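User: I'd like to go through this model with you, one question at a time. Can you start with the ground rules once it's up?

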Amino acid sequence: MKRQRLTREQSKDQTRQRLLDAAQAIFMKKGFVAASVEDIAGAAGYTRGAFYSNFRSKNELFLELLRRDHETMQAGLRAIFESAATREEMEQRVMHYYSNLHRENKCFLLWVEAKLLAARDGRFRLRFNAFLHEKLEQLAACVREFSALVGMPLPLPPEVLAMGLMGLCDGVQFFYTVDPQNVPSEMAEAVLAGFFSRVVFGRST
């Protein structure tokens, strides 16, 4: 049976995805600064020219990686809201999603790298901050939607909860990643679950 020939568009998309996958693995292992365009292209099985046919720079590819990861996380949240559920079921699903994020977020180090780069590179900072504000706005919208669906008043404005949630998740994952012996998964999960139960859901137990 003959393999179906890819269209030009499909071939270009496949090349981009392979370059992104290769870059993600290399950035996670070597770090963004130490990784070269040649490293990425070679790991993906392409030339330097193929890299620049798809991305103008390493920074542009980096932002695309972050966007891809963010869209995956957003899809996970959307799946919770799109399924019909009672308040209790909705709370349970949201809590499970965020309480397990420290284990399932495989791209955490990419976001750490991005924040370091943004602190040192003014041009990257402008694009990264725009993206970060987009993340906050989308999360705040999810918080509003959750409140409306379950009929629960929020203890703080959605924007405040969104920033607090992002900061808490990043901080817990940092401790879990660098010091897993003293901050095991059970402790990380207890911190995140406690935040949702008391601060977001307003439960005393």
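Analyst: Sure: contact here means heavy atoms within 4.5 Å. This is a predicted model, where local features need pLDDT of at least 70, side-chain atom pairs count only at pLDDT 80 or more, and totals for chains, interfaces and linings use all residues. Residues are numbered from 1 along each chain as its sequence is written, and side-chain values use heavy atoms, with hydrogens and water left out.

User: Among contacts between residues at least 6 apart in sequence, what percentage join residues at least 24 apart?

Analyst: The pool is the set of contacts in the chain between residues at least 6 apart in sequence. The share of that pool joining residues at least 24 apart is 66%.

User: How many helices and how many strands are there?

Analyst: Helices (H or I, at least four residues) and strands (E, at least two) are DSSP runs, numbered from the N terminus. Along the sequence the pattern reads α-α-α-α-α-α-α-α-α-α. The tally is 10 helices and 0 strands.

User: What fraction of the chain counts as buried?

Analyst: Buried means under 20% relative accessible area, exposed over 50%, and partly exposed in between, using a 1.4 Å probe and protein chains only. The C-alpha trace spans about 60 × 45 × 35 Å along its principal axes. Of the 205 residues, the buried share is 39%.

User: Which helix gives the most to the largest nonpolar core?

Analyst: A nonpolar core is a set of buried Ala, Val, Leu, Ile, Met, Phe, Trp, Tyr and Cys residues joined through side-chain atoms within 4.5 Å. The largest one has 29 residues, and Tyr98, Phe146 and Phe196 touch the most other members. Helix 4 (58-82), helix 5 (87-99), helix 8 (122-150), helix 9 (158-178) and helix 10 (185-200) each supply at least two residues. The top contributor, with 7 residues, is helix 8.

User: How many residues are in the second, separate core?

Analyst: Leu20, Leu110, Trp111 and Ala114 are included in this second core. Its size is 28 residues.

User: Is Phe62 buried or exposed?

Analyst: Phe62 sits in helix 4. Beyond its neighbours within four places in sequence, Phe62 is in contact with Phe27, Phe32, Leu110, Glu113, Ala114, Leu117 and Phe124. Because its relative accessibility is 0%, Phe62 counts as buried.

User: How far apart are the C-alpha atoms of Phe62 and Val199?

Analyst: Along the chain, Phe62 and Val199 are 137 residues apart. In space, their C-alpha atoms are separated by 34 Å.

User: Why does Gln74 count as buried, and which residues does Gln74 contact?

Analyst: Gln74 lies in helix 4. Gln74 is buried because its relative accessible area is 16%. Leaving aside neighbours within four places in sequence, its contacts are Gln138 and Cys142.

User: And Ser147, what is its relative accessible area?

Analyst: Ser147 is found in helix 8. Setting aside neighbours within four places in sequence, Ser147 is in contact with Met152, Pro153 and Leu154. Ser147 is buried, with a relative accessible area of 14%.

User: Where does UniProt place the "DNA-binding region"?

Analyst: UniProt positions use the numbering used here, feature names are shortened, and annotations may be inferred rather than shown by experiment. The unreviewed entry also puts "domain: HTH tetR-type" at residues 13-73, a span that is 80% helix and 0% strand. The "DNA-binding region" in the unreviewed UniProt entry is at residues 36-55.

User: How far apart are the end C-alpha atoms of residues 36-55?

Analyst: Residues 36-55 are 75% helix and 0% strand. Their end C-alpha atoms lie apart by 13 Å.
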